[in-house]
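Visitor: Hello! Could you walk me through this structure, one question at a time?

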Amino acid sequence: MDDQKQREQRRSKSAVRRASGGNSTVPGIVAMVCGVLSVYFWTSPPDFIKPDPIPGHSVVSLEAGARMALYMQARQINVFVGQNNRLPTTLEESGRVIDGDITFERVGVGVFQVSMFYDQTTELVYRSDQNLLEFRGNAMDIVNGRVDAPQADGS
């Protein structure tokens, strides 16, 4: 009888050990597989995981952004002129500077010019003796995405 009780105790202990995973190698195998997959996905992710590259800005969209910046800055200068009956001596005097890359120049009596480079080599210039709305053109639509501008890759 004692023998039988001891065997039952051993069986129940081994059942508890199996249930608790005491001798189980499954967690180790799962960890190893996860590690291998992590290294694989990190070093050479498949196409379904890699996001598509963000397209670069086209020259058209860069120019449209510069046109909008110059348009807004020229409007602000015109407001200053309307309030003070004179051109500002500096861009900062006219109020908020829209873009730090905009340059301001007085080019004649009551005439100013604002300009900026919208890429490394191309400068865009607005003179106050031009029609401001014609200068802006459809730049607002391009900037707001209402008109498709070609992408940097030509598409």
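Guide: Gladly, and keep in mind that this is a predicted model. Let us begin with Tyr40, which is partly exposed, its relative accessible area being 40%.

Visitor: Which helix does Tyr40 lie in?
Guide: We have just seen that Tyr40 is partly exposed. Along the chain, Tyr40 belongs to the helix made of residues 26-43, and that helix is α2.

Visitor: How many Å² does the nonpolar surface patch with Tyr40 cover, about?
Guide: With 40% relative accessible area, Tyr40 is above the 30% that a patch residue must exceed. Its partners in the nonpolar patch are Ile29, Val33, Leu37, Phe41, Phe48 and Ile49. Together with Tyr40, they make a patch of about 670 Å².

Visitor: Now for α3. How far apart are its end C-alpha atoms, and what span should we expect?
Guide: The helix α3 has 26 residues, and at 1.5 Å a residue it should span 38 Å. The model agrees with this, because the end C-alpha atoms of α3 are apart by 37 Å.

Visitor: Is Ile77 in α3 buried or exposed?
Guide: Ile77 is part of helix α3. A residue counts as buried when its relative accessible area is under 20%. Ile77 has 0%, so Ile77 is buried.

Visitor: What covers the buried residues of α3?
Guide: Quite a few residues of α3 are buried, among them Ala66, Leu70, Ala74, Ile77 and Phe80. Ile77, for instance, is in contact with Phe104, Phe112 and Val114, among others. The cover over the buried residues of α3 includes β1, β2, β3, α4 and α5.

Visitor: Ile77 and Glu92 are 15 residues apart in sequence, so how far apart are they in space?
Guide: Ile77 also touches Pro88, Leu91 and Ser94, to name some of its contacts. For Glu92, we can look at the distance from C-alpha to C-alpha, and for Ile77 and Glu92 that is 9.8 Å.

Visitor: Which residue with a positive phi follows α3?
Guide: After α3 comes a loop that leads to β1. The residue we want there is exposed, at 70% relative accessibility. Its phi is near 55°, a positive value in a residue other than glycine, and the residue is Asn85.

Visitor: Let us move to the strands. Which side chains make polar contacts with the side chain of Ser115?
Guide: Ser115 lies in strand β2, and at 4% relative accessibility it counts as buried. Its neighbours in space include Leu70, Asp101, Ile102, Leu124 and Val125. One polar contact of the Ser115 side chain, at 2.7 Å, is with the side chain of Thr103. The other partner, at 3.1 Å, is the side chain of Glu123.

Visitor: Which backbone oxygen does the side chain of Tyr126 reach?
Guide: Tyr126 sits in strand β3, residues 123-127. Tyr126 is buried, because its relative accessibility is 2%. At 3.1 Å, its side chain reaches the backbone oxygen of Gln130.

Visitor: And which residue of α3 does Tyr126 touch?
Guide: Contacts of Tyr126 include Phe112, Gln113, Val114, Asn131, Leu132 and Phe135. One further contact on that list is a buried residue of α3. That residue is Ala74.

Visitor: One last one: how far apart in space are Tyr126 and Phe104?
Guide: In sequence, Tyr126 and Phe104 are 22 residues apart. From C-alpha to C-alpha, the distance between them is 9.9 Å.

Notes: Residues numbered from 1 in each chain as written. Predicted model: local features only at pLDDT ≥ 70, side-chain atom pairs only at ≥ 80, totals over all residues. Heavy atoms only, no water. Helix = DSSP H or I, 4+ residues; strand = E, 2+ residues; numbered from the N terminus. Buried < 20%, exposed > 50% of the residue type's maximum accessible area, 1.4 Å probe, protein only. Contact = heavy atoms within 4.5 Å. Polar contact = N/O pair within 3.5 Å; in protein donor to acceptor, adjacent residues only side chain to side chain. Patch = residues over 30% accessible without salt bridge, like charges linked within 9 Å, V, L, I, M, F, W, Y side chains within 5 Å. Areas by Shrake-Rupley, 256 points an atom, 1.4 Å probe, with all protein chains shown as cover. Salt bridge = Lys/Arg side-chain N within 4 Å of Asp/Glu carboxyl O. Expected span 1.5 Å × (residues − 1). Lists of a residue's contacts leave out its neighbours within four places in sequence.
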